[in-house]
Amino acid sequence: MATDQIQERFLELIQENAGIIHKVCHLYCHSAQDRQDLFQEIIVQLWKAFPKFRNESKISTWMYRIALNTAISDFRKQQRRIITTSELPAESMELQEHNILEQKERLALLQEAVTHLSDIEKAILMLYLEENNYQEMEEVLGIGQANLRVKINRIKEKLRRHTGQMQ
Amino acid sequence: MELEYLKEAWKKAGEVDAMPVEEKQQLLLLPGTPSQSLVSKIRRNLFYELLIVLVCVTAIAVFYFVSFGGRLQEVSWAYILLAILFISYFYKKNKLLKAMQCPACQVKYNLSLQLATLEKYVRLYLIAGTAMAPVVMLLFYLLLHYKHIIIFASAYAGKEPSAFALLYLLITVIFTIIFYFFNRWYAGRLYGRHIQKLKNLLLEMEE
């Protein structure tokens, strides 16, 4: 396949599945700059891995793996700071005054909820919220299904506990 | 907050705050940008390190080949030997770095791979860094011995060659021990935190 065609195909793929990348960025980064950096890094990793993609797994599984691997094992992320709702930047506050108030609030709540989760728990929660079944979650993460069930219950419990604290 | 509400918020997460890079042309430029992952950065630094070493060794080798009427060209050969050892060290490190990541693999497998390879990398760093002291000292000893170069004349004064050799050996051992502890501390400072993080992640996945 010619380079232009590969690029075209890659671009289509990214555009069709951009939601996955955006969601991973939102889950693991809380500042716009960090999200931008992570987004770029995921695209670079996807592009590097693209020639080896052989349709053996679903495209979404392949993208989840690369996006999560990049987000979790990214060294720089260690210095990233978690921002809670109470300290959301002024930019977010301004946005709240506009029409997208509700969406931003939901995102802030989502970010607040995942603040207390570990990187692995975030990945599990993401796949759960995306309505992947246990088989698909195992394919992405490499964690056994029985173990996943236990972890999901723990995550739910953790979220309930922290939600209680927030209210 | 109910999980159902979270699910709804989650669905919106992919829609809001759309990044401008989604523009077709901008998106096409992204794959060409250099990766900012630590492995990529280490590989780039390693390459620059190799270039600097090769430039310095070439300059030193040329200097000793042409200076002093060519009487000290053994020094040049010693540096060339060190450069060859460094190239093989570079090759091994680069090979390990290339094998360190498998982004398209399962997350757990990728983390295990990264941990195992990073530990090998640190071991290589420690061994090579420590071995550098006796190798350099040995090369200098050979030069001193065969070229009859006298440095630190007081160290020779009134000593039998065997006593000098023993003193030299003692100094080499001390240097090697210092190098070992320094390298261990430095490797821990560079990679220790990440190794611990990988261990914790894997432990969490397994428990």
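**Entry 1: B:Val53**

I looked up B:Val53 and found the residue in helix α3 of chain B, which covers residues 38-66. The model is a predicted one, and I read every value below as computed from it. B:Val53 counts as partly exposed because its relative accessibility is 24%, and the lower limit of that class is 20%. I then took the separation from B:Asn200: the two residues are 147 places apart in sequence, and their C-alpha atoms are 37 Å apart in space.

**Entry 2: B:Leu201**

I turned to helix α7 of chain B, where B:Leu201 is found. Is B:Leu201 buried or exposed? I noted a relative accessibility of 7%, so B:Leu201 counts as buried. I next asked which residues touch B:Leu201 once neighbours within four places in sequence are set aside. The contacts are A:Ile72, A:Asp119 and A:Ile120 from chain A, together with B:Leu111 from chain B. I also recorded the C-alpha separation of B:Leu201 and B:Ser112, which is 9.5 Å, with their positions 89 residues apart along the chain.

**Entry 3: B:Phe181 and its surroundings**

I stayed with helix α7 of chain B, residues 161-206, because B:Phe181 lies in that helix as well. B:Phe181 has 45% relative accessibility and therefore counts as partly exposed. I asked which residues make up the nonpolar surface patch that includes B:Phe181. The members are B:Leu166, B:Leu169, B:Val173, B:Ile177 and B:Phe181, and the patch amounts to about 490 Å². I noted beside this list that residues three or four places apart in an α-helix point the same way, because there are 3.6 residues a turn.

**Entry 4: Aromatic pairs**

I counted ring pairs over all chains and obtained 17 aromatic pairs. I examined A:Phe53 and A:Trp62, which form a tilted pair with 4.8 Å from centre to centre and 40 degrees between the planes. A:Phe53 is buried, since its relative accessible area is 15%. A:Trp62 is buried too, with a relative accessible area of 4%. For comparison I took B:Tyr180 and B:Phe181, an edge-to-face pair with centres 5.1 Å apart and planes at 80 degrees. B:Tyr180 is partly exposed, because its relative accessible area is 30%, and B:Phe181, at 45%, is partly exposed. I also traced a cluster in which ring pairs link A:Phe10, A:Trp47, A:Phe50, A:Phe53 and A:Trp62.

**Entry 5: Chain A overall**

I recorded the secondary structure of chain A as nine helices and zero strands. Read along the sequence, the pattern is therefore a succession of α elements, α-α-α-α-α-α-α-α-α. Of the 167 residues in chain A, 52% are buried. I found an accessible surface of about 7,900 Å² for chain A, and carbon and sulfur atoms hold 46% of that area. Taking contacts in chain A between residues at least 6 apart in sequence, I noted that 63% join residues at least 24 apart.

**Entry 6: Helix α3 of chain A**

I checked the length of helix α3 of chain A, residues 32-49. Its 18 residues should span 26 Å at 1.5 Å a residue, and the end C-alpha atoms are 26 Å apart, so the two values agree. I then asked which residues of this helix are buried. The buried residues are A:Asp34, A:Arg35, A:Leu38, A:Phe39, A:Glu41, A:Ile42, A:Ile43, A:Val44, A:Gln45, A:Leu46 and A:Ala49.

Note on methods
Residues are numbered from 1 along each chain as its sequence is written. Chains are lettered from A and ligands numbered from 1 in the order in which they are written. This is a predicted model: local features need pLDDT of at least 70, side-chain atom pairs count only at pLDDT 80 or more; totals for chains, interfaces and linings use all residues. Side-chain values use heavy atoms; hydrogens and water are left out. Patches are made of residues with over 30% relative accessible area and no salt bridge: like charges are joined within 9 Å, nonpolar side chains (Val, Leu, Ile, Met, Phe, Trp, Tyr) within 5 Å. Accessible areas come from the Shrake-Rupley method with a 1.4 Å probe; for residues, only the protein chains shown count as cover. A salt bridge is a side-chain nitrogen of Lys or Arg within 4 Å of a carboxyl oxygen of Asp or Glu. Helices (H or I, at least four residues) and strands (E, at least two) are DSSP runs, numbered from the N terminus. Buried means under 20% relative accessible area, exposed over 50%, partly exposed in between (1.4 Å probe, protein chains only). Contact means heavy atoms within 4.5 Å. The expected span of a helix is 1.5 Å times one less than its number of residues. Rings of Phe, Tyr and Trp (its six-membered ring) pair if their centres lie within 6.5 Å; planes under 30 degrees apart count as stacked, over 60 as edge-to-face and the rest as tilted.
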